[in-house]
Amino acid sequence: MMELSIKPDLSGKVAVVTGAGGVLCREFACALAQCGTKVALLNRTYEKAQRIEACIRAEGGEATAVQVDVCDEGSLVAAHEQVLRLYGPCDILINGAGGNDPMATTDCETYDQVTADAPDKKSFFDISKDAFSRVFGLNLLGTLLPTQVFACDMTAGGGTIINVSSMNAFCPLTKIPAYSAAKAAVSNFTQWLAVHFANTGIRVNAIAPGFFSTDQNKTLLWNADGTPTARTHKILAATPMGRFGTPEELLGTLLWLADARASGFVTGIVVPVDGGFSAYSGV
């Protein structure tokens, strides 16, 4: 069981976490369970959610795995009905499902590198509409649709929605145009939702993680022999704290935003947890 630096009493609350099988969101789910919530673990790969459920239950928490496709409204409606039957209405929604697609990336940082140095490399002009749409769908529609399905539980009595944005929303990173654009949209949508729901008691905020070394990005950050890639050197040079974050370092922000007693007047913000990356100009 992880040791939480803050541990608000969220007993009796129902939390729904999409993308719960991912590295960061499984930490979110486990932390919420430690604080007393009943956690619905929504994930496209059911077996991953089942493993998180087993871990939470082994530590005395309450959780259930639910297979869902966050881009499929019918799948979400079925998941909502399952959560309602088992736990009741949602109080805390974590929109954590997201990701990138290699087909929506470029091989070089700038176009002149493609034409002059590597004519066979994938350029901006090689990104297909379908690949770009998949990334946008997963990240933006994958935030919109769960919110439409689960936030209806909150309109009468209030609740908390926490979206997962990214450093890309503040400043787009090279090579990943679709993911950068989608996360910028998530941040903007967070602000829109916060205003739209302000008088219902629903608070909407987002966390923008900086750089964390996870299974999802390990090939981007580390060579096969374990040495850092050139991109890792650039990231750390632009991070004033000079290191990657650990998933546990997101939990204080998560639990602060989830606890209405601690952040009851906070809505419409995107909180960077990034070791200073978003504040550094490079000089």
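Reader: In this predicted model, does C55 count as buried, partly exposed or exposed?
Author: The model is a predicted one, and in it the relative accessibility of C55 is 44%. Buried would require a value under 20% and exposed a value over 50%. Because 44% falls in between, C55 counts as partly exposed.

Reader: Which cysteine has the sulfur nearest to that of C55, and how many disulfides does the structure hold?
Author: The nearest cysteine sulfur to C55 belongs to C30 and is 6.3 Å away. A disulfide needs a pair of cysteine sulfur atoms within 2.5 Å, so C55 is in no disulfide. For the structure, the number of disulfides is 0.

Reader: Is C90 buried or exposed, and which cysteine sulfur is nearest to it?
Author: With a relative accessible area of 1%, set against the cut-off of under 20%, C90 is buried. C90 is likewise in no disulfide. The nearest cysteine sulfur, 9.1 Å away, is that of C152.

Reader: How are the axes of helix α1 and helix α9 oriented, parallel, perpendicular or oblique?
Author: The axes of α1, residues 23-34, and α9, residues 251-258, come within 10 Å and cross at roughly 55°. Angles under 35 degrees would count as roughly parallel and those of 65 to 115 as roughly perpendicular. The crossing angle therefore makes α1, relative to α9, oblique.

Reader: What is the handedness of the crossing of α1 and α9, and how many charged residues does the contact have?
Author: The crossing in which α1 passes α9 is right-handed. From α1 the contact draws on E27, F28, A31 and L32, and from α9 on L251, L254, L255 and A258. By class, the contact has 7 nonpolar residues, no polar ones, and a charged count of 1.

How values were computed:
Residues numbered from 1 in each chain as written. Predicted model: local features only at pLDDT ≥ 70, side-chain atom pairs only at ≥ 80, totals over all residues. Heavy atoms only, no water. Axes fitted to C-alpha atoms, helices over the stretch in contact; angles between N-to-C directions. Helix = DSSP H or I, 4+ residues; strand = E, 2+ residues; numbered from the N terminus. Parallel < 35°, antiparallel > 145°, perpendicular 65-115°, else oblique. Left-handed = near helix turned anticlockwise from the far one by under 90°. Contact = heavy atoms within 4.5 Å. Nonpolar A, V, L, I, M, F, W, Y, C, P; charged D, E, K, R; others polar. Buried < 20%, exposed > 50% of the residue type's maximum accessible area, 1.4 Å probe, protein only.
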